[in-house]
Amino acid sequence: MQEASKQMSSRRLFSGAVAAALTLLAIPCFAQSQAAQPGTFPGTVQVLGLEGIKNNASGTLTVGKGNLEFTSGKKKADVPASSISDVITDKDSQRTIGGVIGTMSMFAPYGGGRFLSLFRTKIDTLTIEYQDPSGGLHGAVFTMPIGTAEGAKKVLLAEGAHTTIPAEMAATAPEEKKP
């Protein structure tokens, strides 16, 4: 009886190890198939500023062929890179639990909801300032997964956008201490 239990235990251990090994082997293959093309930044949120796109719309930011293109579902907005007069990147954070649930959690008794708002995820921000064909000045703000905004800025500059803060200066500038 005890030996049957040991055999069953060793079979479970072996099958678990095989499953773990297969999972580890599949992860790099899946990551390669999901890799974005250069100049494509999935997981971007357009906070505000693009005409025809709702505020806080999730989508894909694509930079190439002299354009910045944001696609959210069937909606698409294009901004010619040459019309972009400033590109600014920064790092920020946002609440992990947001939306209606995050707001409603604030009403939890004994400050429990306020405690939940302390959990934050890091994000990058990308802000552009551009002129429309009639000369009107516009701006747009995007949030992106951490580590992608600087790459988007470099691609935009290569496509003809302008900036007041070059990428090299932003990378070497000391961070300001916030009170």
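Biologist: What makes the approach of the Thr 148 side chain to the backbone oxygen of Pro 145 a polar contact?

Modeller: A polar atom of the Thr 148 side chain lies 2.6 Å from that oxygen. A polar contact is a pair of N or O atoms within 3.5 Å (within protein, one must be able to donate a hydrogen and the other to accept it, and residues adjacent in sequence count only if both atoms are side-chain atoms), so 2.6 Å fits. Before we go on: this is a predicted model, where local features need pLDDT of at least 70 and side-chain atom pairs count only at pLDDT 80 or more, while totals for chains, interfaces and linings use all residues. Residues are numbered from 1 along each chain as its sequence is written, and side-chain values use heavy atoms, with hydrogens and water left out.

Biologist: Why is Thr 148 called partly exposed?

Modeller: Its relative accessible area is 22%. Buried means under 20%, exposed over 50%, and partly exposed in between (1.4 Å probe, protein chains only), so 22% gets the middle label. Thr 148 is in the loop between β7 and α4; helices (H or I, at least four residues) and strands (E, at least two) are DSSP runs, numbered from the N terminus. Leaving aside neighbours within four places in sequence, Thr 148 is in contact (heavy atoms within 4.5 Å) with Phe 41 and Asp 124.

Biologist: How do you know that Lys 91 and Asp 124 meet in a salt bridge?

Modeller: The N to O distance is 3.8 Å. The rule wants a side-chain nitrogen of Lys or Arg within 4 Å of a carboxyl oxygen of Asp or Glu, so the pair passes. Lys 91 sits in strand β5 and Asp 124 in strand β6, 33 residues apart. At 57% relative accessibility Lys 91 counts as exposed, whereas Asp 124, at 2%, counts as buried. That rule gives 2 salt bridges, and Glu 69 with Lys 76 is one of them, also listed at 3.8 Å, N to O.

Biologist: What makes β6 and β7 a pair?

Modeller: Two strands pair if DSSP finds at least two bridges between them; β6 and β7 have 9, in the antiparallel sense, so they qualify. Asp 124 stands opposite Met 144 in β7. The two strands form a hairpin with 5 residues between them, and Gly 135 in the turn has a positive phi of about 95°.

Biologist: Why is the pair of Phe 70 and Phe 142 called tilted?

Modeller: The ring centres are 5.8 Å apart and the planes stand at 45°. Rings of Phe, Tyr and Trp (its six-membered ring) pair if their centres lie within 6.5 Å; planes under 30 degrees apart count as stacked, over 60 as edge-to-face and the rest as tilted, so 45° lands in the last class. Phe 70 is in strand β3 and Phe 142 in strand β7, 72 residues apart. Both are buried, and a search of the whole structure finds 1 aromatic pair.

Biologist: What makes Thr 89 buried?

Modeller: Thr 89 has 17% relative accessibility, so it falls under the cut-off for buried. Thr 89 belongs to strand β5, and a polar contact of 2.9 Å joins its side chain to that of Glu 150.

Biologist: Which residues have the most contacts inside the largest nonpolar core?

Modeller: Leu 50, Ile 84, Ile 128, Phe 142 and Leu 156, in a core of 22 residues. The term covers buried Ala, Val, Leu, Ile, Met, Phe, Trp, Tyr and Cys residues joined through side-chain atoms within 4.5 Å. Not counting residues up to four places away in sequence, Leu 50 touches several residues, including Phe 70 and Phe 142.
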